[in-house]
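Here is a short tour of a two-chain model. Keep the structure open while you read, and find each part as it comes up.

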Amino acid sequence: MWADAIRAEAFRLTKSRTTWFWSVFFAPILMLALSAITSFFIKANEAKLTEDPKIQADLSEMLATVPLDLGQAMVTNAASLSNPLVVAFMLIGAATVYAGDYRWETWRLISARNTRTNQLLGKLAVVIGLALMAMLVMLISSTIGDMIQAGIFGRGLTFTMDAGDVGQFFALAGLSLLRIVQFTMVGLLAAVMTRSLLVALFVPLVLGIAQFFVPMQVLPPMGLMPDSWVSILFNPGGAIDSIKDLVKGGEVAAAVPDHVPVRAWISIILWTLLPAIGAIASFNRQDLSKE
Amino acid sequence: MRAGAVAVTLPTMSAVIETRRLTKTYGTVKALDGLSLTIPKGGVYGVLGPNGAGKSTLFRILLGLIRPTDGDATVMGGTIGDPKAMRRMGSMIETPRYPPFMTARQVLTWLSLAHGLSSDTNRTDRWLERVGLTQAADRRVRGFSVGMLQRLGVAAALITEPELIILDEPTSGMDPPGIQEMRALIRSLAHDDGLTVVLASHQLLEVQRVCDRVAIMNKGTLVREGTVSELTTTSERLRLSVSPLERAAEVLGDKGAVDGKALLANVPRAEGPALIRALVEQGIDIDEARWVGTDLESVFFTETGAVQTPEHDHVG
């Protein structure tokens with residue numbers, strides 16, 4: 001049963017402290033440390049920055065000790081829960097889950113009593129759970145970072161979040177989760193095709209970097225603009241960012257061309273489902289006696 | 001049973017494993033070549049064969065890890081891969097490996113969950129005790145010796161309390177006391193707990209001591225099958241110290257072979273006295289006559305054609 005596969009995979013993951021540290025805790029701790037250092041640096045250079053006429057709006061607010069609205073900050077942070085640092089380190093956990101049974105030669109122990117599809121979907125469910133944990137810890141870390149920043153600059157704290165904000169928060173968090181899951185799907189396919197944890201880790205990373213740069217650097221000289229079919233299909237991360245802009249509303253939403261959302265959803269669905277289907281199909285035909 | 005013969009089981013025995021013309025090819029290499037084998041319920045069943053005989057391929061097919069090229073098989077009454085049948089069997093293929101960060105107890109809990117059982121610590125502790133790993137229950141497996149991994153592998157195969165367990169080289173890498181304990185455990189599982197144990201081993205003496213029935217495979221086919229006593233008794237040969245040797249060899253014809261200064265006569269035990277009388281009547285002096293070649297090792301080397309060296313206590 002699928003539930004058995006999920007329970008077993010989740011149990012094993014809970015025992016891997018290294019995986020938890022790198023995929024769930026490292027990025028938030030690093031971000032928190034960088035945020036605190038940045039705040040201290042800005043505070044130390046406050047006089048110089050205040051005189052700068054080109055100062056950014058949020059920096060200006062910070063220095064002017066405008067009260068910090070934690071509710072609004074959480075909504076903003078929800079959109080960045082799938083930032084490259086989180087996604088990259090989350091991939092360590094995903095690759096461990098997807099390729100661990102090849103690495104430890106344990107498929108033969110568990111594959112006889114459950115369907116292979118259930119077992120792979122069990123891994124997928126656990127990776128989604130791990131991504132949710134990574135996002136939750138990142139959100140907590142970001143909020144703590146905001147509070148530290150408020151303390152350094154002497155800003156007051158407020159919390160406002162109406163029903164619209166709650167909806168926006170969950171929509172943005174959901175899209176961030178979708179981005180992480182989509183990204184790890186390439187890792188799942190790589191893990192099954194190559195039976196290698198390292199390949200499961202590095203193929204999505206290299207592909208992700210290519211997907212980010214090619215639509216900006218390579219395709220425009222070929223006459224393919226960022227909102228073209230090819231560009232959007234090539235870059236699922238950019239596609240999810242476009243949908244996030246629509247959810248945020250206001251000027252950012254207005255800047256998204258009308259034809260982009262449909263193309264973006266198609267890109268996201270293709271990049272999420274095709275690797276998963278490919279991995280399941282390949283896994284069902286695989287000789288698991290050779291690990 | 002001779003090669004090519006259809007496997008026959010006594011009517012009172014019910015089979016736990018039946019293969020019919022099972023074939024597996026890897027490119028041009030035939031790992032299994034039309035293997036028909038019936039393994040009866042109960043006792044310890046040994047599968048013997050030199051490297052490349054097809055033992056591991058057979059086990060992997062039975063466990064659903066690979067698919068046969070041709071032929072079919074039933075395991076515990078179900079087809080290969082049938083989840084209901086698979087739930088009634090456990091296995092250990094070669095030296096098992098586990099996630100190195102887990103303890104022995106955690107490994108068994110993890111496998112229990114994977115097999116749809118609860119994380120019952122009584123069950124895991126019981127099997128850890130049975131394989132002699134109680135003291136190491138909370139140690140991480142990354143520090144385990146090969147022998148300890150083998151024991152944990154057997155516990156893992158038993159955690160679901162199956163009716164049939166398949167063990168590939170269960171004593172591999174173990175020290176002599178460990179081998180003795182494993183042998184006792186295997187016999188206890190078969191004769192006290194009522195499990196059917198199917199094992200492959202290179203250790204011929206080990207197989208002779210622990211198994212009730214044996215199948216000898218070579219080049220993907222079954223060459224002999226039967227109880228250990230059947231195989232060893234039917235392989236006895238009469239060793240004759242005679243003179244003149246050449247004259248005695250002529251009398252024996254293709255039933256005899258020269259072995260140093262003696263003759264080995266390949267005749268059933270019942271025909272021994274008549275053969276001796278015939279030789280005496282031909283004027284041949286007989287200094288000594290005794291039955292030899294009663295161990296499984298001799299049978300194995302005869303049937304598989306493997307090269308036996310003086311140091312050979314197991315086959316590669």
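Start at B:Pro244, which sits in the loop between strand E11 (237-243) and helix H9 (245-252) of chain B. This is a predicted model. The peptide bond that leads from B:Ser243 into B:Pro244 is cis, and its omega is near 0°.

**The sheet around that loop**

Which strands make up the sheet here, and in what order? Four strands of chain B form an open sheet, ordered E12-E13-E11-E14, and the pairing is antiparallel. Strand E12 (256-259) and strand E14 (285-292) of chain B are at the edges. Each has a single partner strand, so one side of each has no neighbour in the sheet. From one strand to the next, the twist averages 25°.

Look at one pair in detail. E12(B) and strand E13 (residues 262-265) of chain B run antiparallel and are joined by four bridges. Within this pair, B:Gly256 stands opposite B:Ala265 in E13(B).

Two helices lie across these strands. H9(B) crosses E11, E12 and E13 of chain B, and runs at about 10° to E13(B). Helix H10 (residues 272-281) of chain B lies across E11, E13 and E14 of chain B. Its angle to E14(B) is about 160°.

**A second sheet in chain B**

Another open sheet has four strands in the order E2-E1-E4-E5 (chain B), again with antiparallel pairing. Its edge strands are strand E2 (29-40) and strand E5 (78-79) of chain B, and each pairs on one side only. Strand E4 (residues 70-75) of chain B is joined to E5(B) by two bridges, and the two run antiparallel. Here B:Thr74 stands opposite B:Thr79 in E5(B).

**Positive phi angles**

Some residues take a positive phi. Three of them are set out below.

| Residue | Place | Phi |
|---|---|---|
| B:Glu169 | loop between strand E7 (164-168) and helix H6 (176-191) of chain B | about 55° |
| B:Lys219 | loop between strand E9 (213-218) and strand E10 (221-227) of chain B | about 50° |
| A:Glu105 | just after H6(A) | about 55° |

B:Glu169 is not a glycine, yet its phi is positive. B:Lys219 is not a glycine either. Are these two residues buried or partly exposed? B:Glu169 has 20 C-beta neighbours inside 10 Å, so it counts as buried. B:Lys219 has 17 other C-beta atoms within 10 Å, so it is partly exposed.

**Chain A**

Now move to the other chain. Chain A has 14 helices and two strands. Its C-alpha trace spans about 70 × 50 × 35 Å along the principal axes. Chain A has 291 residues, and 39% of them count as buried. Take the contacts in chain A between residues at least 6 apart in sequence: 82% of them join residues at least 24 apart.

Helix H6 (residues 84-103) of chain A deserves a closer look. The helix has a kink of about 40°, centred on A:Val97. Why is H6(A) described as largely enclosed by the rest of the structure? Because 16 of its 20 residues are buried.

**Where the chains meet**

How many residues does each chain bring to the contact? Chain B gives 24 residues and chain A gives 21 residues. On the side of chain B that touches chain A, the elements giving two or more residues are helix H2 (83-86) and helix H3 (104-114) of chain B. H3(B) gives the most, with six residues. By class, this side of chain B has 16 nonpolar, five polar and three charged residues.

**How far to trust it**

The model scores ipTM 0.79 and pTM 0.74. In chain B the mean pLDDT is 82, and 88% of the residues reach 70 or more. Confidence in chain B is highest in strand E8 (residues 196-200) of chain B, at 92. It is lowest in helix H11 (residues 296-304) of chain B, at a mean of 67.

Two stretches call for care. Over residues 1-13 of chain B the pLDDT is below 50, and this stretch has 16 contacts beyond near neighbours in sequence. Over residues 310-316 of chain B, pLDDT stays under 50, and the model has 12 contacts there beyond four places in sequence. Where pLDDT is low, predicted coordinates should not be read in detail.

Technical notes. Residues numbered from 1 in each chain as written. Chains lettered and ligands numbered in written order. Predicted model: local features only at pLDDT ≥ 70, side-chain atom pairs only at ≥ 80, totals over all residues. Buried ≥ 20, exposed ≤ 12 C-beta atoms within 10 Å, placed from the backbone. Contact = placed C-beta atoms within 7 Å. Nonpolar A, V, L, I, M, F, W, Y, C, P; charged D, E, K, R; others polar. Pairing = 2+ DSSP bridges. Bend = angle between axes of the 7 residues up to and from the residue. Axes fitted to C-alpha atoms, helices over the stretch in contact; angles between N-to-C directions. pLDDT = per-residue confidence, 0-100.
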